Each structure stands twice: as C-alpha cells, then as structure tokens.
Amino acid sequence: MLLGSRILWAPTNCRGAPPIFSPNNHAFPTTRLFIPSASLKRHENKEVDDYAQLKDKVENLGISCDSINPGEYTRLMCPKCKGGRLMERSLSLHISGKRNYALWRCFNFECGWAGQILAHNNTTSDGVHQLGRMNSPQVLTEESLKLEPLGDMLAAYFAKRMISKDTLKRNHVMQMAGDQVIIAFTYRWNSMLIGCKYRTLEKRFWQEKGTDKVLYGLDDVIEADEIIIVEGEIDKLSVEEAGYPNCVSVPNGAPQSITSKELLPLEEDTRFSYLWNCKEWLEKASRIVLATDDDLPGQALAEELTRRLGKERCWKVCWPKKDEFSSYKDANEVLVNLGSKALKEAIECAVPYEMQNLN
C-alpha cells in the first residue's frame, strides 16, 4: 500500500534534518434522483460509446489504452520518443473519471509531448497545440466556472496574510464572478484547469463537483525529489513566500482522527484518493516534509499521510512556540507573525517523523 519507501541521507543543518532544496520548477475529482430505467440505459450506452470513441482517438496517436483505469494517471511508453535514451515509461496519461476527455504529457525532457482530446471533438489532432483551449462544457475552463482576476478586496485580504501578488498570479488564484466575495483556488495539471476549490472569507469551503481529486500545486512537484505537504491552499502559498515552491496542499483538509487501524483497499480509500491519483510523482520523492497544522486533526493527517507514503522518508515540521503553553498553528500564522525567514527556518528544522516525539 505504501507509495514509496526510499530513504535519503544528507548532511544535516538543523536538529539532524537534511537541507531542503527547491526543485527545478517545470510549469509545466449528490443528491440522488429517481430516473426512469430507460433513461439510465440510454445514459449508460452513451457513456460506453463516448469511452470507446475516446480510446480510438487516443490509440490512433500511438498511445496504448490496454491498462488504463479512468480517473487515474498511468505511466506508459511515449510513442514519440520511445522512452528516450533510458527507454523508460515517460508518458503520463489521464482519462477523466467521466470518460469524456484524455490528457497526457511526456516527462522526458528531450520530448515533452503533451496534449488533450475530447470524446466529442470531431477534429483529428494529436492535441499538441490544444492545451487550455477546450471549450466543451464537459471540460473546466475559467470561463465555464465564471472566474475572474482577484479584486481589490481579496487582494487586500491576501496582503494581510503576507501573500504577494506574484505568488497569487503564479498559482492562478482567482475569484468567482458576481456580488459575493469568493476565492477560487484553481487546481491544475500540466497547466490545464482540472478542478477548483472555493473559499469565503468566513471560511466556508466547497469544491467543483465531478472532478478528480489531486494535490493543490501539483505542477510544482512533478520532478521534485523533495516535497513539502501542507493542510491548506493558503499554507502552500505561504511556504512559497518562504522560498519553497516545491510544496503541495491536500485538497480536503484534515480528518478529525485517524480513520482506522488498517489501511483500506485502494478502491475504498476515497478520502485519500488524491494520493493515489498523484502516486507517480510522490513515488519519485526521496524526502517528504509534512507541515500540517499544530492541532489534533493536523496530527491525524500527518499520521495518515505517513502510513501511505512511508514513515521512513517522512519528516515533520514543528512550528515555533507562541508562548510557554502553545505553538503557532500553521505556515501562514508563522509567516504573518514571525515573517518568511522564521517560516523557512521552521521548514529547514523538520525532524524525522519517527523521531518527532523523542526531542
């Protein structure tokens, strides 16, 4: 069940922790209604036909679909570069959970072939020049979600949280159009919009329906050997302000407690599906730094993550003391109260997860 089990030893710089290096940044998932059985049958037949049509288009590009599971990311041999000099499976293919579009990218630096295809797109193309241009209502775009650039009120809000305009722009943080003030954290893979999480200033959260769950900031860690994982989108932006773009956030916060003593089978581990959807990138990391909140849910999240990622390669950030009895809660609270230098130092001083309670 573990996503990886490699161990990295490096020179220490703070309480036995090896230094964190930022990677090269390659910017590159209701209510049930009664429906007549005849309608359901037509819907099922249409979905089967769409999927068959989509597979035909993908296979016409030379990409094999024999072992593909919709909703997951699969590593395959790239038909363009044939795996390069290392002859590796460098092509990542994703077919949406609804089976209505496919997207891919080759991570061989000498190739980089990428694109996407819609089930209902009648044009024959390898998709190389189509990224970000899908206009079908079945595929997310900023226009279909009615998103717009941040206004003055939210710009001021983020300024108080010590998040710069450059960081907001690089992470495509937007707002929902309309009278209400609602932040839109856009989730992207291969620079393409694949999900969106909304937040009001009163801390009410919800996510775009029907999208596959992935880590927020995924493009920033695709080739990272070291990854920082935080509990919320604003914390990811805060860590970036401290000089570490190789950071991602979980999409659905922390559990109230550890879910069970035994790990669930992959198909039932729905709360942590974002880990399995991002498995191929997480497996590359030799060191994973957990910077979750300093409360019971944050501790539960850290424990759940290590059980799936492998405790031997996980490190834990211990947030600075606020006073004699308490510590700062998260990355943004440290950034706001102590500044980026203190946040950077806290991350650098992360300790091996299995040793965190021995100090």
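**Strand 2 and Tyr216 in a predicted model**

Strand 1, residues 73-76, pairs with strand 2 in the antiparallel sense over 4 bridges, where strands (E, at least two residues) are DSSP runs numbered from the N terminus, and two strands pair if DSSP finds at least two bridges between them. Before going on, I should say that this is a predicted model, in which local features need pLDDT of at least 70 and side-chain atom pairs count only at pLDDT 80 or more, while totals for chains, interfaces and linings use all residues. Residues are numbered from 1 along each chain as its sequence is written, and side-chain values use heavy atoms, with hydrogens and water left out.

Within the first pairing, Y73 stands opposite H94 of strand 2. Strand 2 is also joined to strand 3, residues 101-106, by 5 bridges, and these two run antiparallel, with I95 opposite A102. Strands 2 and 3 form a hairpin with 5 residues between them, and in that turn R99 has a positive phi of about 60°.

Why is strand 2 largely enclosed by the rest of the structure? The reason is that 5 of the 5 residues in strand 2, residues 91-95, are buried, meaning under 20% relative accessible area with a 1.4 Å probe, protein chains only. On one side L91, L93 and I95 are buried, and on the other S92 and H94 are, so both faces are covered.

Let me turn to Y216, in the loop between strand 9 (205-207) and strand 10 (226-230). Y216 is buried, with a relative accessible area of 1%, and among the residues it touches (heavy atoms within 4.5 Å), not counting those up to four places away in sequence, are F185, Y187, L237 and C247.

Conventions. Buried < 20%, exposed > 50% of the residue type's maximum accessible area, 1.4 Å probe, protein only.
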